[in-house]
Amino acid sequence: MALVATTALVVTACTADTASDPSPTDERPTLEREGAPTLPDEVAVLGGTEEVTITGLRPRSEVHLADEDDRVLITGVADDLGQLHIGYVASDYVVQDKAVDPALPSAEGMTLPPGTYRVAVGSLDDDPAVSDDVEVLGKNHVPDAELYERQELTGVETPIIGDYPEGVSGADGFGYLEMRDGTLLSATVKFPDSNVYGQPPYPTIIEMEGYSASNPDGDPPGALLARSLGFATVAVNIRGTGCSGGVFDIFNAAQQVDAYDVVETVARQPWVEHGKVGVVGLSYSGMMAMYTGAMAPPSLAAIVPQSFTEDPWLVQWPGGVYNGGFAEQWVRQREASSAPGGSSWVDNRIDGGDATCADNLRLRSQNMDFVSFIRMLEARPDSADDRDLRELAPRIEVPTFLTGAFQDEQTGAYFTEVISRFDEAPILRVGLWSGVHADGYTAMNIIAWYEFLSLYVARQVPNLNPLVRVGLAAELASQFGVEDVTLAPDRLYDEFGDDYEAALAAYEAEDPIRVVFENGFGQDEPGEPGGTFELTLPTWPAPDADVRTWFLASDGALVDNPPADDGVDAYEHDPDAGDTTSIAVAEDGGYPQFDAIWDWDWTRFEEGRSLEYLTEPFAEDALLAGPGAVTLHMGSDAEDAAVQVSLSEVRPDGIEVLLTIGWLRLSARAEDPSATDGLFIGRTFAADDAEPIPAGELVEARVQIPSVGAPIRAGSQLMIRISTPGRDHALWKFASLHADDEVPTHRIGRGPATPSSLSLTFLPAPAIPSALAPCPALRGQACRERTAVTNRPGA
């Protein structure tokens with residue numbers, strides 16, 4: 001259930017059908033076509049969506065891609081199998097040999113824009129052979145429906161209890177789907193148990209990701225759950241992964257149009273009820289569900305994305321600070337697993353005679369070195385918008401059910417900025433909670449998930465089979481490390497029976513936003529999924545939300561009004577912080593993500609290497625529910641600095657509970673007013689907007705505090721800690737901006753001239769249970785006894 005991807009990091013992609021010219025200059029070689037020989041018959045040139053693939057070449061031969069004006073954009077070298085894949089071009093003419101360096105030669109560039117191209121093979125000085133025109137498609141191209149109508153998929157029935165009958169296996173549902181460019185994606189089709197759910201047609205869901213989705217001997221979690229609830233499932237490996245053809249990328253245009261093709265092909269199968277399908281997913285597959293929705297295939301019924309991030313660039317560079325922890329680890333693992341020999345089940349398919357799988361893996365030598373490339377992307381190009389879900393959400397026109405955790409240890413809490421962007425979705429349902437990445441598939445949410453799929457994909461009133469209810473509860477308890485769980489009742493069926501229209505009307509009249517507070521404390525065992533109370537809201541943040549602001553003052557205080565006297569506090573850069581997480585992480589990135597209670601190892605900053613500011617104890621209960629921002633007037637001995645602001649509750653019993661964290665690279669402090677909405681701060685992170693910190697000055701910068709929901713009981717205090725990025729996050733590590741032997745001092749101003757402040761969103765507090773959660777118990781929230789810090793005065 002690992003990261004949804006977060007990193008879609010080749011974010012130099014141009015928006016598909018409005019791409020700019022790769023170079024405004026004429027400083028490129030020119031292709032001489034007149035009288036040029038044609039390509040040999042064995043050389044095939046395939047134009048795809050924002051990419052070109054050439055096969056049948058002589059190994060190590062020179063290959064040139066020219067635009068319709070015969071300007072050569074890039075020269076590549078065929079691999080040892082006689083192949084070359086071109087998906088990106090630099091802003092200037094470059095020669096790339098992937099066998100020598102699989103990373104792009106420059107971060108200044110773009111995906112290959114749609115248009116007409118030609119391919120030449122051989123030295124430009126020696127009459128190279130030239131292809132016919134090659135059309136590179138954009139995302140808005142729609143293939144002829146014949147592509148979908150001629151494909152037939154067969155599935156295998158899977159028993160809800162026990163093994164397959166003798167002679168039957170998951171492999172009986174394995175096959176390939178053809179995409180618009182001829183690429184074949186591996187997929188496994190499975191049907192629910194006919195003894196429980198009858199004969200086809202079945203309501204059908206699709207799950208797409210880059211792990212082992214189509215492994216016939218396994219299932220991605222969403223598909224497994226949906227099939228136990230009566231849905232047929234189609235699990236698909238995205239291109240360049242599993243047994244699928246194509247070159248691996250991260251959420252590029254080709255993968256996005258593949259999602260369109262998958263939906264349209266599956267929906268035409270005779271065993272699909274209603275002729276429309278749903279797309280589900282958590283993490284990687286949750287991202288794919290969002291991209292599918294944005295592509296708007298006509299046969300899409302609904303999407304259910306969970307635990308996704310809104311901008312793949314931002315999770316790799318939160319606040320402009322490089323995330324060298326989980327995000328980088330995830331990309332390395334995806335590169336390794338997509339390489340030949342990277343997945344044992346793929347090797348087993350090939351060893352068993354799957355020639356299509358073996359042939360598809362030939363092109364994997366053309367995979368890019370993403371880690372090297374994304375490390376260069378310190379500035380966010382405008383063209384990153386093509387993979388930014390904040391930009392794509394307004395294109396989603398189907399019912400949508402999305403969820404996420406405020407403390408998601410993998411993808412973070414930035415996803416909440418997408419909630420207000422679903423302008424065209426006819427129905428939006430949102431689940432928010434304190435918690436962890438995997439919580440979308442816990443008992444706290446699974447019945448709401450099932451309700452939505454029943455209403456908008458199956459088109460029936462949700463009514464869980466009693467035997468399935470018992471078995472599912474036991475399985476969820478085992479998966480998440482608790483003794484037992486209780487599933488919510490079939491509330492709509494209990495009230496409306498089989499009256500679908502009445503149940504649907506009642507459902508659609510409800511508030512769309514559900515917020516679960518104190519997840520991990522409200523059930524029978526510490527850490528068991530479920531909260532102490534819930535709210536439903538019409539929007540996020542809610543219309544009746546108020547923003548409260550405190551100002552940084554002397555003696556580490558947060559006060560209601562700007563202090564009368566100016567002052568400066570200072571802290572040193574912590575060179576060890578960036579490589580330190582708050583839980584133990586194995587070398588391969590593994591951690592006990594499904595354990596009910598995590599073994600926190602939340603280390604402290606040495607004296608003088610952080611600043612802390614606390615409010616007075618709250619006189620009455622309050623409810624945090626929305627985003628926040630910290631305004632800093634900050635200076636440094638260095639020209640640039642990265643700052644972390646951690647927000648905690650300090651309880652009357654002396655326990656500090658971490659609520660959320662924000663980051664900012666000070667040179668990226670410029671805001672984008674057009675993308676700023678209240679306390680949601682928009683930034684371009686563009687190279688042209690970067691500004692160093694002037695020597696001897698304090699500059700104003702706002703640090704985004706991600707959305708959070710938490711009760712603050714009377715007697716508790718809120719605290720912010722300002723520091724070097726690191727130590728406080730469960731999985732994210734941060735690259736330092738400074739040399740190993742460089743320890744600059746950073747300064748924070750306070751007072752009327754430099755009023756640094758904290759602003760947070762509150763709702764009117766409902767009745768809040770008085771009991772405090774044990775430490776630890778709250779899912780995803782580190783806790784410890786608080787040790788007071790004395791702030792160091794600065795010049």
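Rings of Phe, Tyr and Trp, the last taken by its six-membered ring, count as a pair if their centres lie within 6.5 Å. In this predicted model, the rule gives 25 aromatic pairs. One of them joins F174 and Y176. The ring centres of F174 and Y176 are 5.4 Å apart, and the planes meet at 85°. Planes over 60 degrees apart count as edge-to-face. The pair of F174 and Y176 is therefore edge-to-face. F174 is also buried, because its relative accessible area of 12% falls under the 20% limit.

Aromatic residues also group beyond the pair. Y211, F251, Y284, Y291 and W330 make up one aromatic cluster. Tyrosine, phenylalanine and tryptophan are thus represented in this cluster.

Charged side chains were examined next. Two arginines sit over phenylalanine rings. R548 lies over the face of F618. The distance from R548 to the ring centre of F618 is 5.6 Å. R727 places its charged end over the ring of F605. Here the distance to the ring centre is 5.4 Å.

The backbone has cis peptide bonds before two prolines, P541 and P776. The bond between W540 and P541 is cis, with omega at about -10°. P541 belongs to the loop that links β22 (533–537) to β23 (546–552). The bond between C775 and P776 is cis as well, with omega at about 0°. P776 falls in the loop between β33 (757–763) and β34 (783–785).

Positive phi values occur at two glutamates, E50 and E518. E50 is not a glycine, yet its phi is about 60°. The loop between β1 (44–47) and β2 (52–55) holds E50. The relative accessibility of E50 is 5%. Buried means under 20%, so E50 counts as buried.

E518 likewise is a residue other than glycine with a positive phi, near 60°. E518 lies in the loop between β21 (513–517) and β22. Strand β22 also borders the loop of P541. E518 has a relative accessible area of 7%. The same limit of 20% applies, so E518 is buried.

Conventions:
Residues are numbered from 1 along each chain as its sequence is written. This is a predicted model: local features need pLDDT of at least 70, side-chain atom pairs count only at pLDDT 80 or more; totals for chains, interfaces and linings use all residues. Side-chain values use heavy atoms; hydrogens and water are left out. Rings of Phe, Tyr and Trp (its six-membered ring) pair if their centres lie within 6.5 Å; planes under 30 degrees apart count as stacked, over 60 as edge-to-face and the rest as tilted. Buried means under 20% relative accessible area, exposed over 50%, partly exposed in between (1.4 Å probe, protein chains only). A charge sits over a ring if NZ of Lys or CZ of Arg is within 6 Å of the ring centre and within 35 degrees of the ring normal. Helices (H or I, at least four residues) and strands (E, at least two) are DSSP runs, numbered from the N terminus.
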